[in-house]
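Please examine the structure below with attention to how its helices pack and how its charged side chains pair. The paragraphs after it offer a guided reading.

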Amino acid sequence: MGATYKAAQLGADTLMTDGEHIHPVPPGTLEPGIGSVLNQLADRFTDEGVIIIDTDAAHAMRLPTTQHTLNTIPDDHNLIREARTAGWDVRKLADWTTFRRNNLTLRIGILPAINPATFPLLDPNPRDGMGTVTSLALWHRVTGSAYHGTTGIAGTAILSKVTTVGPKKLQPTWKPKIELVPGFEDDFHADHFRAPASGMKFAHAYDANRAYIAAAANAILAPWQLKPGGTTFDPKMGGWWLCDLSPWNDKRMPDPAGYSSVKGARWISTATVTLLQELTEQGVYGGVTIKDSRISQGTELLRPWAWKMRDAYAAVPNVAEDTRDAERVTKALKEAGRKTLGMLASETNWIYRPDWWFSIIAMDRANRWRKMWKTGRDQGRWPLWIDVDNVWYASDLEDGIAAIPTGWTLDPSGMKLGAYKHKATRKSRAAAEDGAK
């Protein structure tokens, strides 16, 4: 059969494949259409692969080359019928289209129709598409999944592949059919909380490495649909709890319940209730009254996906043969980590689990709150403000690395989950006044 591919780019007279090979395309090969061409390439892939089609090849196969034209192609168009006749299962043509046959899935990208802003693996040098092919192949090697669509869509494909439930490896409920409660969790933002002026000369920001990935690994999520569950709290249940909350009056720290425009009782996730229960037991919070719940048995459901993304990120420097591929794939993985999770709250996404997304936000926020609370109580250093995963601390030291609170692990590479990197330094008013003397 010859070499197997993970990625290829098809032109009018050449086929570029990973391994940096260029093969001639005999005249007349493309004219029978996309289905016939894929049949000739199918045995060069194992279970999944990606093929980029350039402008000349698209014209030869009569494929549209703009998003607008692709959007007008009906599901029963001749091009689609021809592909189906050739044995491929395909629903609709788009800039990225999935073709399936037996145990093979091919992700087909029509290059001129793809928005470059959504395709970080694209080689910016238009004269050499080989960089795109080698970056696509590297993505596949480190993630185990063929890139397609956007970073969010490609990340969702990884998530769906590795996320199963129990020893039978059941598929979770990707899109519940029942009405969802209006639960909401938000990050801490700079306008939520500001500490009193410290009088110190500098403010330093410490950015949590890939915070949502770390939170996704540990968040308790319900694989199945949420159901009414009563008013007794169980930290092993994933979902929502309708709670009356106590006020938070300690101005050294943001409200551990998070912030919301909702007045009165509000729906909060298991991660938030767990933190509030801990603080209640410590005697520093006034307690939570649960009035209702929508819950189901939970588990660290997305831990396999989080570890897959972590390991893929770490593997890139060791697997990449070209630093340019490494840079493109690393950027795409960072983007995918954020956008995949955010898409869980999009009703148009085929996986629609806002309870998962908001639970991950709450887990990330609660873990950071615990770290700041411990730092404050142990060292007397309290945060100035928090902006999502950036925590600002005051110091008289200008060197932000030297000024990091004791016990906070620094990792400038961004590789180590749970560690921080120094992100920024600002002079305070005290420093400005001192400099003016």
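What follows moves from helix packing to individual residues and then to salt bridges.

The coordinates are those of a predicted model, and every value below should be read accordingly. A convenient place to begin is helix α7, which spans residues 211–218. This helix is mostly covered, since seven of its eight residues are buried. The buried residues are Ala-211, Tyr-212, Ile-213, Ala-214, Ala-215, Ala-216 and Ala-217. Their packing partners are strand β7 and the helices α9, α10 and α11.

Two of those partners, α9 and α10, also meet each other. Helix α9 covers residues 303–319 and helix α10 residues 323–343. Their axes come within 9 Å and cross at roughly 165 degrees. Because angles over 145 degrees count as roughly antiparallel, α9 and α10 are roughly antiparallel to each other. The crossing is left-handed. On the α9 side the contact is made by Trp-305, Met-309, Ala-312, Tyr-313 and Val-316. On the α10 side the residues are Ala-326, Val-329, Thr-330, Leu-333, Lys-334, Ala-336, Gly-337, Thr-340 and Leu-341. Sorted by class, this contact has ten nonpolar, three polar and one charged residues.

Helix α11, another partner of the buried residues of α7, runs over residues 354–379 and takes part in a second helix pair. How do the axes of α8 and α11 cross? They come within 8 Å and cross at roughly 25 degrees. Since angles under 35 degrees count as roughly parallel, α8 is roughly parallel to α11. From α8 the contact draws on Ala-271, Thr-272, Thr-274, Leu-275, Glu-278, Leu-279 and Gln-282. From α11 it draws on Ser-359, Ala-362, Met-363, Arg-365, Ala-366, Trp-369, Arg-370, Trp-373 and Arg-377. By class, the contact of α8 with α11 has eight nonpolar, four polar and four charged residues.

Three residues of α11 deserve individual attention. Arg-368 is located in this helix. Is Arg-368 buried or exposed? Its relative accessible area is 4%, and because buried means under 20%, Arg-368 is buried. Leaving aside neighbours within four places in sequence, Arg-368 is in contact with Ala-208, Ala-211, Ile-386, Val-388, Asp-389, Val-391 and Tyr-420. Among these contacts, Ala-211 is one of the buried residues of α7.

Lys-371 also has its place in α11. At 25% relative accessibility, Lys-371 is partly exposed. Not counting residues up to four places away in sequence, Lys-371 touches Gly-407, Trp-408 and Tyr-420. Tyr-420 is likewise among the contacts of Arg-368. Lys-371 and Arg-303 are 68 residues apart in sequence, and their C-alpha atoms are 21 Å apart in space.

Arg-370, the third of these residues, leads to the charged pairs. Side chains of opposite charge can pair when their charged atoms come close. Arg-370 forms a salt bridge with Glu-278, with the closest N and O atoms 3.0 Å apart. Arg-370 lies in α11 and Glu-278 in α8, which covers residues 270–282, so the pair ties together parts that are 92 residues apart in sequence. Both residues also belong to the contact between α8 and α11. Arg-370 is partly exposed at 25% relative accessibility, and Glu-278 is partly exposed at 29%.

A search of the whole structure finds 18 salt bridges. In one of them, Lys-421 pairs with Asp-207, the closest N and O atoms being 3.4 Å apart. This pair links distant parts of the chain, with Lys-421 in strand β14 (residues 420–427) and Asp-207 in strand β7 (residues 202–208), 214 residues apart. Lys-421 is partly exposed, with a relative accessible area of 22%, whereas Asp-207 counts as buried at 8%. Strand β7 is also one of the elements against which the buried residues of α7 pack.

A further salt bridge joins the side chains of Arg-310 and Asp-311, at 2.9 Å from N to O. Arg-310 is partly exposed at 28% relative accessibility, and Asp-311 is partly exposed at 41%. Elsewhere, salt bridges that share partners join Glu-48, Arg-107 and Lys-161 into one network.

How values were computed. Residues numbered from 1 in each chain as written. Predicted model: local features only at pLDDT ≥ 70, side-chain atom pairs only at ≥ 80, totals over all residues. Heavy atoms only, no water. Helix = DSSP H or I, 4+ residues; strand = E, 2+ residues; numbered from the N terminus. Buried < 20%, exposed > 50% of the residue type's maximum accessible area, 1.4 Å probe, protein only. Contact = heavy atoms within 4.5 Å. Salt bridge = Lys/Arg side-chain N within 4 Å of Asp/Glu carboxyl O. Axes fitted to C-alpha atoms, helices over the stretch in contact; angles between N-to-C directions. Parallel < 35°, antiparallel > 145°, perpendicular 65-115°, else oblique. Left-handed = near helix turned anticlockwise from the far one by under 90°. Nonpolar A, V, L, I, M, F, W, Y, C, P; charged D, E, K, R; others polar.
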